[in-house]
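Please open the model in a viewer and keep the sequence panel at hand. The tour below proceeds by selection, with a description of what is found at each stop.

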Amino acid sequence: MKKKYLAEFLGTFWLVLGGCGSAMLSAAFPAVGIGLLGVSLAFGLTVLSMAYAVGSVSGAHLNPAVSIGLWAGGRLDADQLPGYIISQIAGGLLGAAILFVIVTGNGSSIGDFAANGYGTHSPGGYNMLSAFVSELTLTFFFLLIILGATRVEAPSGFAGMAIGLTLTLIHLISIPVTNTSVNPARSISQAVFVGGWAIQQLWLFIAAPIAGAMLAGLVHKLLAGQNR
């Protein structure tokens, strides 16, 4: 189990550093910034790369909502769930800490630090209801695809690609709405450094992804039956 938890720690560290790092360092870099498309690809690539790096060790959840959804879908034992979640949050926090050091290295402030938000803190000014519906719905489909792509009956070796590309699509849809969470560890890691409004709004980026993930786990059970 220690190997699984270490794999989740490292994987979530990489997701936060690669995904949020691309948003903070490269998205609007003068003249050659990668923009929303680049940030979306960066998040997808972090999951894709770690799926093949540590997937055989821990499953490469990298996300408390994914672990909870897999538990709800009958894929993860309840006694493993706390260790997965703690490892993911810790890895995300370390990733954010490293990113903080890098971002401030030229005298810049961290600004919103790619934190998730709604209302005046939504990139597009979307309200709380839009944010909640977006996070719940997109996490639901993220988990449904993860559960389907990792079934024994699914084509072998392609799950990482399907999951990474799905996360890319999710970011393409929802960066303007919430900066895209679908991952409480990613949201917690940035909110801790921003404080204030980010901490106040953090509940949504914990509750909505978990609700969507649990619903997906239950729906997958209905679709897959005994062949989970």
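Contact here means heavy atoms within 4.5 Å. The model is a predicted one.

**First stop: the end of helix H5**

Select Gly 148, which lies in helix H5 (residues 128-149). Once neighbours within four places in sequence are set aside, Gly 148 is in contact with Ala 154 and His 220. Gly 148 counts as partly exposed because its relative accessibility is 29%. Add Ala 159 to the selection: eleven residues separate Gly 148 and Ala 159 in sequence, and their C-alpha atoms are 8.8 Å apart in space.

**Second stop: a salt bridge**

Select Arg 151 and Glu 153, which form a salt bridge whose closest N and O atoms are 3.2 Å apart. The count of salt bridges comes to one. Arg 151, at 24% relative accessibility, counts as partly exposed. Glu 153 is likewise partly exposed, with a relative accessible area of 48%.

**Third stop: helix H6 and the turn that follows**

Select helix H6 (159-178). Helix H6 has 20 residues and reaches 26 Å from its first C-alpha to its last, close to the 28 Å expected at 1.5 Å a residue. Centre the view on Leu 172, where H6 bends by about 40°. A proline, Pro 176, follows within four residues of that bend.

Move on to Asn 179, just after H6, which takes a positive phi of about 75°. Then select Val 182, in the loop between H6 and H7. Val 182 is not a glycine, yet has a positive phi of about 45°. Most residues other than glycine have a negative phi. Is Val 182 buried or exposed? Val 182 is buried, with a relative accessible area of 1%.

**Fourth stop: a nonpolar surface patch**

Display the surface and select Leu 37, Leu 41, Leu 45, Leu 169, Leu 172 and Ile 173, which form a nonpolar patch with about 550 Å² of accessible area together. Which elements give two or more residues to the nonpolar patch? They are H2 and helix H6. Leu 172, one of the patch residues, is also the residue at which H6 bends.

Within the patch, pick out Leu 37, which lies in helix H2. Leu 37 counts as exposed because its relative accessible area is 51%, and the cut-off for exposed is over 50%.

**Fifth stop: from the other part of H2 to the loop beyond**

Remain on helix H2 and select Ser 58, which belongs to that helix. Ser 58 counts as buried, at 5% relative accessibility. Apart from neighbours within four places in sequence, Ser 58 is in contact with Lys 4, Ala 7, Glu 8 and Tyr 84. Two of these partners, Ala 7 and Glu 8, will return at the next stop as buried residues of H1.

Before leaving, select Leu 62, in the loop between H2 and helix H3 (64-72). The phi of Leu 62 is near 60°, a positive value in a residue other than glycine. Leu 62 counts as buried, at 0% relative accessibility.

**Sixth stop: helix H1**

Select residues 2-26, which make up helix H1. At 1.5 Å a residue, the 25 residues of H1 should span 36 Å; the end C-alpha atoms are 34 Å apart, which agrees. Centre on Cys 20, where H1 bends by about 30°.

Now show the side chains of the buried residues of H1, among them Ala 7, Glu 8, Gly 11, Phe 13, Leu 15, Val 16, Leu 17 and Cys 20. What do the buried residues of H1 pack against? They pack against helix H2 (35-58), helix H4 (81-103) and helix H7 (184-194). Cys 20 is thus met twice on this helix, as a buried residue and as the site of the bend.

**Last stop: the start of helix H9**

Select Leu 202, in helix H9 (residues 202-224). Leu 202 counts as buried because its relative accessibility is 12%, and buried means under 20%. Leaving aside neighbours within four places in sequence, Leu 202 is in contact with Ser 187, Ile 188 and Ala 191. Finally, add Gln 190: this residue and Leu 202 are twelve residues apart along the chain, and 9.9 Å separates their C-alpha atoms.

Note on methods:
Residues are numbered from 1 along each chain as its sequence is written. This is a predicted model: local features need pLDDT of at least 70, side-chain atom pairs count only at pLDDT 80 or more; totals for chains, interfaces and linings use all residues. Side-chain values use heavy atoms; hydrogens and water are left out. The expected span of a helix is 1.5 Å times one less than its number of residues. The bend at a residue is the angle between axes fitted to the seven residues ending there and the seven starting there. Buried means under 20% relative accessible area, exposed over 50%, partly exposed in between (1.4 Å probe, protein chains only). Patches are made of residues with over 30% relative accessible area and no salt bridge: like charges are joined within 9 Å, nonpolar side chains (Val, Leu, Ile, Met, Phe, Trp, Tyr) within 5 Å. Accessible areas come from the Shrake-Rupley method with a 1.4 Å probe; for residues, only the protein chains shown count as cover. A salt bridge is a side-chain nitrogen of Lys or Arg within 4 Å of a carboxyl oxygen of Asp or Glu.
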